[in-house]
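Welcome to this structure! Below are some notes to help you find your way around, taken one interface at a time.

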Amino acid sequence: MSETIVIIGAGQAGGQAAETLRREGFAGDIVLVGEEPHIPYQRPPLSKKFMAGEMPLERVYFKPPEFFETEQVELKLNIPATRIDRERKIVTLCGGEELAYGKLLIATGARVRTLDIPGADLSGVHYLRTIADVEGIQENFAEGAKLVVVGGGYIGLEVAAVAVKRGIDVTVLEVEPRVLQRVTTPEMSAFFEQVHTEEGVKIRCGTGVTAFEGGGKLEAVVTSTGERLPADFAVIGIGIVPNVDLAEEAGLAIDNGIVVDEQGQTSDPYIYAAGDCTNFPCVPVGRRIRLESVQNALDQAKAAAAAMAGTPKPYTQVPWFWSDQYNLKLQMAGLNQGYDEAVLRGDPGARRFSTFYLKKGAVIAVDAVNSPPDYMVGRELIAARAEVPPETLGDLEVSMKEIRQKYT
Amino acid sequence: MPKITYIEHNGTEHEVDVPEGWSVMEGAVKNMIPGIDADCGGACACATCHVYVDDAWREKTGTAEGMETSMLDFAEDVEENSRLSCQITVTPELDGLIVRMPRSQH
Ligand SMILES: Cc1cc2nc3c(=O)[nH]c(=O)nc-3n(C[C@H](O)[C@H](O)[C@H](O)COP(=O)(O)OP(=O)(O)OC[C@H]3O[C@@H](n4cnc5c(N)ncnc54)[C@H](O)[C@@H]3O)c2cc1C
Ligand code: FES
């Protein structure tokens with residue numbers, strides 16, 4: 001008799017794991033449990049084409065509904081798992097139903113970090129993580145409406161880009177001195193601030209939010225600089241918190257995420273985890289990290305599913321990420337934390353350039369704006385820990401093809 | 001619905017109906033056809049949806065432009081008829097299209 005694999009979390013990692021289990025030949029039962037009412041879907045379009053109304057819901061879904069029938073993946077949607085009993089190997093769902101597992105995958109993702117300030121529960125104040133959140137935000141899309149975006153990270157800036165194109169009056173508040181401060185160089189931040197300003201978005205850095213005001217519905221946002229900005233709606237994008245509660249209550253090792261190895265295995269050999277909720281040893285980066293990206297969710301889910309199916313393929317990929325704003329495609333690879341030198345290649349004025357990050361001479365990360373060659377070759381340089389002289393990286397006379405040939 | 005034939009690198013053929021307006025990539029991924037990874041879901045950000053367009057169809061699918069060209073430039077085993085399948089939109093004219101998959105997407 002083959003065992004049952006239960007997956008908690010029907011998101012990007014959960015959906016990918018179900019697919020990979022079947023591809024790797026796992027023939028036992030698969031049960032996919034999800035708190036949301038939807039089959040697994042892709043989140044990136046939520047702040048891009050889906051939010052802009054340029055992509056129908058059916059294309060946002062990771063797989064069509066028939067996939068789950070054909071591949072015999074049992075869906076339990078619209079219901080959260082509430083408990084993991086490791087001794088009896090049972091997952092309990094809200095309402096009391098019990099699911100026995102041979103192996104378990106936790107792919108619970110993350111939830112938005114919330115702002116605990118007066119008025120945060122007013123109607124018109126939104127967060128962005130799910131399809132339901134987008135639907136709530138879109139109800140406010142009317143020409144001339146006033147939107148305050150709280151948080152100048154990728155999601156906040158993408159929302160600003162979509163909204164301003166719809167004729168909405170957009171102000172972005174960022175508490176740090178510059179947007180994208182946590183993830184990129186001052187030059188790159190300045191570039192994005194300038195593009196948004198040119199497109200008509202008002203960017204206020206060094207400005208936090210102290211309260212939302214209104215009688216039932218949002219009317220104004222009060223800032224840390226003492227201003228009162230009239231607003232019809234607000235979108236808060238200030239980061240996420242990994243969903244580790246179930247794992248923690250079950251006594252699994254937690255350290256800024258559920259602790260797993262290269263195979264996605266937790267401290268319990270019958271339990272695996274993948275996606276935003278994990279803390280894993282990132283091979284190319286050489287230390288433990290937690291990531292919030294599609295690449296990580298998919299690659300880690302593939303590794304965990306392969307290991308669960310008995311055909312291990314460890315997770316060793318270089319992290320990568322992208323962001324779309326206006327006609328800009330930002331592509332990033334590697335992690336730049338701890339860099340000691342940043343090299344500019346290309347011309348920000350032409351909206352086509354990149355930043356290479358070096359640490360002790362080796363390329364550790366790249367941020368490329370409308371520059372796929374820099375990104376594609378950058379990925380290889382990072383994987384190879386290539387030591388490329390900064391003056392070579394910055395020299396447009398030397399093509400990325402030549403750099404690839406010489407240094408990888 | 002237009003029919004598209006996907007041929008895996010090992011020769012296995014899959015003929016499926018793909019709704020108009022979808023991309024050729026989506027036709028494969030949503031039908032469990034192996035050989036196209038499409039990690040970025042069609043954002044032209046990953047180059048893991050590389051296919052070879054059958055010569056008879058190259059005119060109708062058009063050729064790669066802009067971002068797609070420069071992504072393809074750095075993919076593996078690229079040929080003249082290479083495309084990123086997420087950048088080919090399915091239209092009635094593409095009924096009967098044949099695409100082949102490369103050895104690997106990575
Ligand atoms: C608006 C937005 C834009 C983004 N853009 C990009 C981008 O451009 N590029 C990129 O690489 N990444 C992007 N990301 C990040 C990326 O989407 C996430 O990293 C990815 O979805 C993580 O996948 P996951 O499966 O770990 O988590 P999720 O996709 O969040 O899935 C987890 C699922 O588990 C469910 N769940 C949680 N607890 C339980 C429980 N107890 N019982 C049952 N179900 C439960 C949740 O409801 C959720 O559906 C974006 C994210 C957002 C929100
Ligand atoms: S799906 Fe990523 S580039 Fe086509």
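1. Let's begin inside chain A. This is a predicted model, and across the interface of domain 2 of chain A and domain 3 of chain A the rule finds two salt bridges. A good pair to look up is Arg351(A) and Glu199(A), whose side chains meet in a salt bridge at 3.9 Å, N to O. The same interface holds four residue pairs in polar contact, with both partners at pLDDT 80 or more.

2. Which helix gives the largest share of the side of domain 2 of chain A that touches domain 3 of chain A? That is α6 of chain A, residues 186–198, with five residues. By class, this side of domain 2 divides into six nonpolar, two polar and two charged residues.

3. To place these domains along the chain, turn to the domain assignment of chain A: domain 1 covers 4–111 + 240–308, domain 2 covers 125–236 and domain 3 covers 329–407. Taken over C-alpha atoms, the centres of domain 2 and domain 3 of chain A are 30 Å apart.

4. How many residues of each domain take part in the contact? Domain 2 of chain A brings 10 residues and domain 3 of chain A brings 12. Between them they bury about 900 Å², with 63% of that area from carbon and sulfur atoms. On the side of domain 2, Thr185(A), Met188(A) and Phe191(A) lose the most area to domain 3, together 52% of what that side buries.

5. Now step out to the two chains. Chain A gives 30 residues to the contact and chain B gives 23. The area buried between chain A and chain B is about 2,300 Å², 58% of it on carbon and sulfur atoms. Arg23(A), Arg59(A) and Met376(A) supply 24% of the area that chain A buries against chain B, more than any other three residues.

6. Arg59(A) is worth a second look: its side chain meets that of Glu26(B) in a salt bridge at 2.7 Å, N to O. The rule finds three salt bridges across the interface of chain A and chain B, along with nine residue pairs in polar contact, both residues at pLDDT 80 or more.

7. Finally, where does the side of chain A that touches chain B come from? Elements giving two or more residues include α1 (12–23), α2 (57–60), β22 (320–325) and α9 (372–383) of chain A. The largest share, seven residues, comes from α9(A). By class, this side of chain A has 14 nonpolar, three polar and 13 charged residues.

Technical notes
Residues are numbered from 1 along each chain as its sequence is written. Chains are lettered from A and ligands numbered from 1 in the order in which they are written. This is a predicted model: local features need pLDDT of at least 70, side-chain atom pairs count only at pLDDT 80 or more; totals for chains, interfaces and linings use all residues. Side-chain values use heavy atoms; hydrogens and water are left out. Contact means heavy atoms within 4.5 Å. Buried area is the accessible area (1.4 Å probe) that two parts lose on being put together, summed over both. A salt bridge is a side-chain nitrogen of Lys or Arg within 4 Å of a carboxyl oxygen of Asp or Glu. A polar contact is a pair of N or O atoms within 3.5 Å; within protein, one must be able to donate a hydrogen and the other to accept it, and residues adjacent in sequence count only if both atoms are side-chain atoms. Helices (H or I, at least four residues) and strands (E, at least two) are DSSP runs, numbered from the N terminus. Ala, Val, Leu, Ile, Met, Phe, Trp, Tyr, Cys and Pro count as nonpolar, Asp, Glu, Lys and Arg as charged, and the others, Gly among them, as polar. Domain bounds come from an automatic or database domain assignment.
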